Amino acid sequence: GYYATGLALGLPQAQVFAFEADPLALIQTRRMAELNGTAGRTTFLGACSPEALAALPCWAAPCLVVCDCEGYEGDLITERTADLFR
């Protein structure tokens, strides 16, 4: 939650997509965004998968992806999702 809210605060023109696998942490992420006034620019999503990452509507514009997924990067960044970064 602090990454999503911090990025939304630091980049006031950005649309933020916050993935969180833990349901309680997702609620806390939403609450943190609400308290900081960034919830209107944040989309709150459950667990991230290569398919969910590829389905984000941001890939036509400049896009920044910040991952804190503790070893899941190898599963998340596949050939399909890697192509999105090119």
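# A tour from an exposed proline to a pocket

Begin by selecting P62, which is exposed, with a relative accessible area of 84%. As you look at it, keep in mind that the model in your viewer is a predicted one. P62 sits in the loop that runs between α3 and α4. If you now add G40 to the selection and draw a line from C-alpha to C-alpha, you will find the two residues 20 Å apart in space, while in sequence they are 22 residues apart.

Stay with the loop between α3 (50-54) and α4 (73-76), and select E70, which is found there as well. At 73% relative accessibility, E70 counts as exposed, and its backbone deserves a careful look, since E70 has a positive phi of about 45° although it is not a glycine.

Next, colour the cysteines. How many disulfides does the structure hold? The structure holds 0 disulfides, and two of the cysteines let you follow the reasoning, given that a disulfide needs two cysteine sulfur atoms within 2.5 Å. Select C63, whose sulfur has its closest cysteine sulfur in C58, at 3.1 Å, which is too far for a bond; C63 itself is partly exposed, with a relative accessible area of 33%. Then select C48, where the closest cysteine sulfur belongs to C67 and lies 6.9 Å away, again too far for a bond. C48 counts as buried, at 19% relative accessibility. In general, a disulfide is a covalent bond between the sulfur atoms of two cysteines.

Move now to helix α1, residues 2-10, and select its buried residues, which are A4, T5 and A8. These buried residues cover an arc of only 90° around the axis, and therefore they are on the same side of α1. To see what lies over them, show β1 (16-19), α2 (23-35) and β2 (42-45), which are among the elements that cover the buried residues of α1. Turn the helix to the face pointing away from its buried side, and there you will meet the exposed residues Y2 and G10.

While you are at this helix, display the side chains of Y2 and Y3. The ring centres of Y2 and Y3 are 4.7 Å apart and the ring planes stand at 40°, so the pair is tilted. This is the 1 aromatic pair that the count gives. Y2 is exposed, with a relative accessible area of 55%, whereas Y3, at 40%, is partly exposed.

From here, go to T38, in the loop between α2 and β2. Is T38 buried or exposed? T38 is buried, with a relative accessible area of 2%. Select its surroundings and, leaving aside the neighbours within four places in sequence, you will find T38 in contact with T5, A8, L9 and A33. Two of these names will be familiar, for T5 and A8 are also among the buried residues of α1.

For the last stop, switch on a surface and look for the largest pocket, which holds about 1,000 Å³ of space. Of the 36 residues that line this pocket, those closest to its centre are F17, A18, F19, V66 and C67. Finally, highlight α1, β1 and α2, each of which supplies at least two residues of the pocket's lining. C67 is worth a second glance, because it carries the sulfur closest to that of C48 among the cysteines, at 6.9 Å.

Conventions: Residues numbered from 1 in each chain as written. Predicted model: local features only at pLDDT ≥ 70, side-chain atom pairs only at ≥ 80, totals over all residues. Heavy atoms only, no water. Phe/Tyr/Trp six-rings, centres within 6.5 Å; stacked < 30°, edge-to-face > 60°. Buried < 20%, exposed > 50% of the residue type's maximum accessible area, 1.4 Å probe, protein only. Helix = DSSP H or I, 4+ residues; strand = E, 2+ residues; numbered from the N terminus. Arc of directions from axis to C-beta. Contact = heavy atoms within 4.5 Å. 1 Å grid on protein atoms, 1.4 Å probe; cavity = no way out; pocket = protein on both sides within 12 Å on 5 of 7 lines; lining within 4 Å. Points joined across faces, edges and corners; volume = space filled by probe spheres on them.
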